[in-house]
Structures are given as structure tokens and as C-alpha cells.
Amino acid sequence: MSTPRSVVLERLAYTLTAPVLAAAPNLYPDSPVNQVVQLAGAAGIGGWFLAAKSDAPGTGRKILRWSPLVLAAAVDVTAKVTTGFGPWWMDGLLAGGWAAAGWIVSPFSRHTRRSNRPALAPPTPPERLQPATAATAQVVPDDGADAFTRRVRALWARAGDPGRTQVVTAVPHPGTDHDLTLLLRAAEPGRPIAGISEAAVAAAFGIDEAFVTFAAVTRSGGRQGGPGWLEVHLTPDEAERRNRTPTAPEWWADRIGAATGPVPGSEFIKKIRDTKRRVTHYIGQVPDEMGEPRVNLLGLAAALKTKYDEGRLFVTIDGNQVLVSLWDSSPLGQVFPATRELLTPDADGRWVTGYLGNGQPARNRVYTDRGAAHGLFVAPSGGGKTHLLGLHIAADALFGAVVWLAAEAPDEKAAMLGEYADRYGVGALYMIRLLRALDALMEIRGEMVWEDGRVHDWDPKLPGCPYRMLSAYLDEFLSAARHGLYGAEIMDLAELVSVKGRKYGIGLKVAGQSIFVQDGFTQLLCENLRENCIPVVLKVAPGKVVGMFKALGIPSENTPAPLPRSFSPEERGRIERVMSGEPEPPANSNTGGAGWIVEAKQPEVLRTLFMSFSEGLDDFFPDTIASLTDHEIRELEARDLWFDWTEPPRPGEFGPEPDDEDDEVTAPKRSGKGRGGKPAARRDTVSSPRQALDAIKALSRS
């Protein structure tokens, strides 16, 4: 391509003017030439000022246009103030540099056109990558396309018209330098576009193929559509912005809802920040045909820049929607103080046990639509089981229920709770007497007439009930159920009460460290309690989580992940501690009271309310302790079941009296009826080596 005449003339002017700029200030300091050059420089500075102040486009182009005059004046002034031609002929070097800059830039010839737009690719002479064919050599008629579209067509032709297509229109995206949308059509009318790829389009414009997307073209506004047309979006600038500062929907689409993301196929709905509770909620949704969202918790935690075992991330699924709650600090590591208001049951018998991981109150019940509610509390030593018992006992007492508490072994906190119970005692003997009284009470209450003259199953909403609800708490139940003398009957009676007690307003609340059959907990008792209560499981060892929830009837797909050993965030700087040989800080074990509440098929993580035993419990309980009616007490006394249950076994209470001195040294038999009127204990349940040994000894004696 030949050099334009304007460029040649401008470069000639630079060449001729350069010696004058160097010589005139030194040979003729008062010459009018110097004044003309300096006035031209002043005019250039004025042009700079006006260009910078103007809001019209092309400011840079205007500044560059005036730059030769300003620089020429600068060279003239410098040459005038230096002695001679300056050290090392500096005046000549400056004038030569000024001319060389003009040769390269040529601002007057290249930057005076207002309609000029920088090329999308280096302005190298286009070379056809393939020989011209009939299709590629086809002349596109002048359709009045704008200058931008014509330049894009030139780039497209240089690339060899990828896919044998033609550029119909090219539209730049506002606010970007390189983003545009192409409308392509097949070069041969009636032929579908085939063989074009994102890589071919990206190569034509010098961008990454990841920034190229195709879209189908539909017929609209008289324009054709279909497979012979294609819309192409080139978005390198948008992709860079999206990667650097994405909006919430863009972030969700790229990091969460992508095909390989933690919630594939989901779309962003909204983001809510709860400043008061210091939690951020994200709501997403999958199409109805996908069913419930599939969530990869580990991947989701990584996308949210947290760890799943920090206890900050919680997911709630509701139909085809998913709620992701990210807390600033784990809510399970917080302390939620118990209050009388939270523990007081409402009209439906519900009260607040604690708070779920998503911040909702977790509620339990003192009764259900089937009758009195049972209870099932599972936790290892130090897991917060006694605090949980205290919450339930307070809720029952505030409801007006009679509370009995039996613990297998002495316990300081259990003894404090016993002060607010109608009856409290320790040991397997006390527990079996309590259960015998419950068994008799079911018979007694089944004959008590209500105000309407009829006998009804217990219903708290039905007026005229002649007795109060009764809640019996058995702490460390499995230890008592494995007792060599009373264990089998304790288990039998517990099963019986779990089946029938609800109809007579009797709730059985069992607490222990396991509910496994192999540990002595029968499947029948577990099922009866599970169906008539809302179990709470606290701080289970990771290896027992699957089996524990399987025993509770939870399907495998809903089995929760184990809780972390601590909810305190890990301290930063481990690398520095390793390099300096410093020990790791101790882990803060703050998981007491943390676990799961199993109201439905999906266990929910919760942190139970904290009841401070050191500050006293009076504020959580009513002023009076409810007790049985006089009629119930008389009937129990008539059956020889109402007495001080802490006294030693009474003669004949657990079977016939021994006939001679030899029998006195043998263990009391568990068969027959004593004065308590209790049927024989079941012998077919052997759930521990101790019970098996007792059974062998009994057979050897018989």
C-alpha cells in the first residue's frame, strides 16, 4: 500500500523545520522565527486546554493533534537558553528527536478524521489464508453498512470467512472496547451454516475462544432466520469484568449453578443480608422438572470460602428451592440463654428447645395429636443431656404436668432438677418402682370418669379431665435396663408404657448414651418413642452417626454429616507456627448442647438453650409442684405401690420369700407376683454378657 500524500508532506515539513528549530535561537535570537514558533506553541497549549475542558469525544485525538506545536516551542525555548548549541549538541538532538517523533506519529494526517475508530486487530496487510474460491471471492454488494461493520467484514475476510459465512451486521457493545455482536449468514443462500467453531471466530479477532458464544436466530421484523443464520457474541471485556467484579446472579451462575457446581442447574433468586443476626442468605431454584436440588456441601463451602466443619454453612431445601445460610460465626458456637417465656408451651403444646443452624427456633412438644408426648434424648457424657432434661422438665412443669424423675446414678444436676419434680430418686430399684406405678396408673386412669360421665382417652383440649398429664424421666436408662436383678422388668415396663401411656396422659422420657439394640435398647421401645416424640440427639461420635440415625428410621440419603469437634474458627498462622516450632493452640470444645432434632425425616442441626444451674433454676419453674390426685394416690396405696421408693426391697416385692436359710444367700427371683402385683419379668431378652450369665445361673439352679 502506497503512503498517502498528506503523510509525505507532513514528514517533509518536519524534516525541513528541524534544522531551523536548532539554529534560529542560537544564530538569530531576536529573529521573528523564534516569536512565530513560540506563538504557535502558545496556541497549542490553548488547544490542549480547550480539548481537556470539552465533554465531546476525541479529547486524546485533539491533544495529540496540537502536540507538535507545543513540543516545537519547547525545543526553541531550550535552544535559546542553552549556551551555544548546548552540551553534546543537545539543541540539534532535541530538534532531530522532534522530527523523528513527527515522522512516526504524523498527528495531523492520522488523527484529524473524526470518524476514525481504532482497528480491532493490528493493521497488518491482510493475507488470505486460502486461495480465493467462487464462494470466498463473492462480492458483497454495498448495503450501506456503517464503518464499524465494514472494518469487521475486512477482518472476517482476512480470516477466510470461517464456516463460509458473511457478516451481515456488527454491533459494538456500549461501554466496552472489544465486545461486539455479529450477525452471520451462509455465503450460499439456502445452505445451513456448518463447520464454524468458537475457535475460528476467536482467531479472527485475536481473543480467547471462551469469550465466544453462539445463539440461534429467529425470524423477526421481515428478517430471515433458521439454520442459515447465526448470532455470535464476542465478550472479552465483559468476561474480564465478570471474573473481577461479578454481580450476585453472575457469581451464582458461574460458581454455584454451573453444571459442575455444588448446586447444578440452579438459578439465583435473591441475596439477603441480616445485619442484626450476622448471616447472609442466598436463595436459589432449580427447574420444576429437576425435582429437589442436589447439593454438594463440600463444594458449596469451598465456593463460599469457608469450611463445612466450621459450622457456619447451613442448607435448607424446600421443594425446588434451596436456601443457603452463611453465618459470620457459627450459630452452634453461640450460647442461647433459656427463659421462662421460651419454655412455656403454647396452645399447641409447643415450646422452644433451642435454635436451628439457619436461625429458626427449634420446638418440641409436651403433647401431640396422639396424646401425651414421649421423649428420647441421646448424648454421650458431657454432651449436654442433663441441661436438655432440665429444659423438658421445666416445659412440662409450666404446662401443669406431674413430673417424676429417676436417675440410674447420683448426679448433682439431676438432684437439682429433682427439687422441682413431684418424685425424684436414684438407682435401678427406684426406676422399677416408678415404672410399676406408671403401669398401675394406666389401669387407674382408664377407669376414671370425666365430667361428662364418660371415660375418654387423654386430650388436653377436651374439658373435664379428672387427672393431670404425667411425665416420667428416666436418666441413663440403658444402664438401669442392664441391671442384673431389675433390668429385664425395667425394659418390659418401659415398652408397655411407651405403647399405652400416651392414651392416659403419661409421657415416658428416656435419656441415655445409645439407642442401639446391641446396647440393650429394644427395637419396639425405640419405635414407640420415635413415633410419639421429637427425638434430640446431641454430640454423637462421627463413627456412630450413620447407625444412630438408621436406628431412628432416617433414610440414608437424609443422614447428616458429623458435627465438628469445635465450632471455634481455626487460628491463622499455622505455617508460621510450624516454621518457628511453636505448638498449636488448644481446640475450644464448645459443642455441648449441639446436635440434631428429628421432627421429620430430615434431621435439623440445633443448639439447645442453656440453663444455668449455677445461678439457680427458680426462674424457670412454677411456684407450685403438681402432684397426683387423691384418688390416684389411694388406688396406688391400695396396690402397695405408693411409698418411699428409696427404701430397700420389701419382703415379697420381687417374688416369694425364701423358705430356708440356704435360699437367703441366693439372688431374689424375678418371677411371680409380689405385693406390687407386677407380672413376671420377661426372660427371653438377653442383651448383655451379664444377663446371659444370670440366665445360665438361673437354669443351673432350677
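This report walks through some strand pairings, one helix and several salt bridges in a predicted model.

## Ground rules

Because the model is predicted, local features need pLDDT of at least 70 and side-chain atom pairs count only at pLDDT 80 or more, while totals for chains, interfaces and linings use all residues. Residues are numbered from 1 along each chain as its sequence is written, and side-chain values use heavy atoms, with hydrogens and water left out.

## Strands around β4

Let's start with β4, which covers residues 229–234. Helices (H or I, at least four residues) and strands (E, at least two) are DSSP runs, numbered from the N terminus, and two strands pair if DSSP finds at least two bridges between them.

Strand β2 (residues 180–186) runs antiparallel to β4, joined to it by 6 bridges. Across this pairing, R185 stands opposite W229 in β4. Strand β3 (residues 212–215) is also antiparallel to β4, with 4 bridges between them; here F214 faces V232 of β4.

## Helix α16 and its cover

Next comes α16, a helix of 14 residues (487–500). From first C-alpha to last it reaches 20 Å, close to the expected 20 Å; the expected span is 1.5 Å times one less than the number of residues.

Of the 14 residues in α16, 11 are buried, so the helix is mostly covered (buried means under 20% relative accessible area, exposed over 50%, partly exposed in between, with a 1.4 Å probe and protein chains only). Among the buried ones are the acidic-lettered E489, D492 and E495, along with I490, M491 and L493. Their cover includes α14 (428–445), α15 (477–481), β17 (506–512) and α17 (523–531), with contact taken as heavy atoms within 4.5 Å.

## Salt bridges

A salt bridge here is a side-chain nitrogen of Lys or Arg within 4 Å of a carboxyl oxygen of Asp or Glu, and the count comes to 21. Two of them tie helix α14 to distant parts of the chain. In one, R639 and E443 meet at 3.4 Å, N to O; R639 sits in the loop between α20 (630–638) and α21 (661–664), 196 residues from E443 in α14. R639 is partly exposed at 22%, and E443 is partly exposed at 45%.

In the other, the closest N and O atoms of E632 and R445 are 2.5 Å apart. This pair links helix α20 to helix α14 across 187 residues. Both partners are buried: E632 at 1% and R445 at 0%.

Finally, R164, E188 and R191 are joined into one network by salt bridges that share partners. Within it, E188 and R191 meet at 3.5 Å, with E188 partly exposed at 29% and R191 buried at 18%.
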